[in-house]
Amino acid sequence: MIVTVTANPAIDRLVSLLEPLERGAVVRSEIAHDDPGGKGINVARVLHAAGVPVTAVLPAAADEPLLAALVALGLDHRAVSVSGRLRVNLTLAEPEGVTTKVNSPGPRLDDAELAALTDALAAAVGPGDWAVLSGSLPPGVPFDWYATTTRRLQQAGARVAVDTSGAALGLTVEQSSPDLMKPNSDELAELLDCDPDEIERDRRHAAARAHQLREDHGVGTVLLTLGGAGAVLASAEGSWFCPPAPVTVRSTVGAGDSSLAGYLVAHVAGRSPAECLASAAVHGAAAAALPGSRLPGPSDLPEAPHVETVDPA
């Protein structure tokens, strides 16, 4: 079983423009399309589409449209009632594939609501399960929440994957040791105070930096996504590089979430590290090839590129 938590869920509203976006102008569009969103929910949706048992935990009042959307998808979920209304994130997709995303901060969670969310997550996760903690934190949630939650879940026998950014990411690696982390090159460079361009240019250097995160902070496995440069996996067993799948990029929204889901799809099936990396790469590429905030299913996946072992430089 995999359980995701999305502390800051959202309705992702896609507006597909019929012409290039021009600041200050009136621009025509197609009819807007709404999807349940937030990074943890995105991961859960990709896992669900792949047939992997998953439960999404989130804060939301009973009458939130997002919950009705999860029911329509058939996605198992546990919602903790909160007083604030969920945010709406806006994606503007231009015909040439350029996307502009406008994210709202989300509702403030008080101490009781946060405690209820944490308890609901802990109750949903059993020994040996994966818990995926991903996305931004809403107002009122301490930046160390991922760190404290990681420790609590691991003490109960769960495995924890974390995908976040900024202060929450920094405190997570300082105060806990997740079993899996999925930084991109910018996030890894911020953690290690190095050059993100150098990480993307040299796969051996990228592998070395991923192993540095493991060794300095006790992270079990690092899935490092490099955008158009591919992806690297670093674990106690070694390191691997996967080049980008040959797709036409239409939108990068949800690509990182899809990569993390793709890794877990292969991992829970007992695949090798190289196969897990390939699955991550093709899921991320499939998301990038889809318009707006659409997420991939099995029929969207391109052919997997060849994964090679890479020695850290």
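**Exercise 1. Sort the lining of the largest pocket in this predicted model: how many residues are nonpolar, polar and charged?**

Solution, step by step:

- The lining residues divide into 14 nonpolar, 24 polar and 10 charged.
- Next, look towards the middle: of the 48 lining residues, the closest to the pocket's centre are Thr-252, Gly-254, Ala-255, Gly-256 and Asp-257.
- For a feeling of scale, the volume of this pocket is about 1100 Å³.

**Exercise 2. Find out which elements and domains supply the lining of the largest pocket.**

Solution, step by step:

- Begin with the helices that give two or more residues: H1 (39–49), H6 (185–192), H9 (255–268) and H10 (273–289).
- Add the strands that do so, E6 (87–93) and E7 (99–102).
- H10 provides the largest share, five residues.
- Finally, check the domains: domain 1 (1–21 + 29–178) and domain 2 (180–312) each contribute at least three residues to the lining.

**Exercise 3. Describe the second largest pocket: which residues lie nearest its centre?**

Solution, step by step:

- This pocket holds about 210 Å³ of space.
- It has 16 lining residues, and Trp-130, Thr-221, Glu-237, Tyr-263 and His-267 lie nearest the centre.
- Strand E12 (231–235), H9 and H10 are the elements that give two or more residues to this lining.
- Sorted by type, the lining has seven nonpolar, five polar and four charged residues.

**Exercise 4. Decide whether Cys-242 and Cys-276 are in a disulfide or in none.**

Solution, step by step:

- Recall the chemistry: a disulfide covalently bonds the sulfur atoms of two cysteines.
- The cut-off for a disulfide is a pair of cysteine sulfur atoms within 2.5 Å.
- For Cys-242, the nearest cysteine sulfur is that of Cys-276, 12 Å away.
- Turn it around: for Cys-276, the nearest cysteine sulfur is that of Cys-242, 12 Å away.
- Because a disulfide needs the sulfur atoms within 2.5 Å, Cys-242 is in none, and neither is Cys-276.
- The count for the structure is zero disulfides.
- As an extra, look at accessibility: Cys-242 is buried at a relative accessible area of 0%, and Cys-276 is buried at 2%.

**Exercise 5. Classify the aromatic pair of Trp-145 and Tyr-146: stacked, edge-to-face or tilted?**

Solution, step by step:

- The structure holds one aromatic pair.
- Trp-145 and Tyr-146 form this pair, with 5.6 Å from centre to centre and 45 degrees between the planes.
- Planes under 30 degrees apart count as stacked and those over 60 as edge-to-face, so the rest are tilted.
- The pair of Trp-145 and Tyr-146 is therefore tilted.
- Are the two partners buried or exposed? Trp-145 is buried, with a relative accessible area of 4%, and Tyr-146 is buried too, at 0%.

Key. Residues are numbered from 1 along each chain as its sequence is written. This is a predicted model: local features need pLDDT of at least 70, side-chain atom pairs count only at pLDDT 80 or more; totals for chains, interfaces and linings use all residues. Side-chain values use heavy atoms; hydrogens and water are left out. On a 1 Å grid over the protein atoms alone, a cavity is a set of points where a 1.4 Å probe fits but cannot get out, and a pocket is an open set with protein on both sides within 12 Å along at least five of seven lines; lining residues have an atom within 4 Å of a point. Grid points are joined across faces, edges and corners, and a volume is the space filled by probe spheres set on the points. Helices (H or I, at least four residues) and strands (E, at least two) are DSSP runs, numbered from the N terminus. Ala, Val, Leu, Ile, Met, Phe, Trp, Tyr, Cys and Pro count as nonpolar, Asp, Glu, Lys and Arg as charged, and the others, Gly among them, as polar. Domain bounds come from an automatic or database domain assignment. Buried means under 20% relative accessible area, exposed over 50%, partly exposed in between (1.4 Å probe, protein chains only). Rings of Phe, Tyr and Trp (its six-membered ring) pair if their centres lie within 6.5 Å; planes under 30 degrees apart count as stacked, over 60 as edge-to-face and the rest as tilted.
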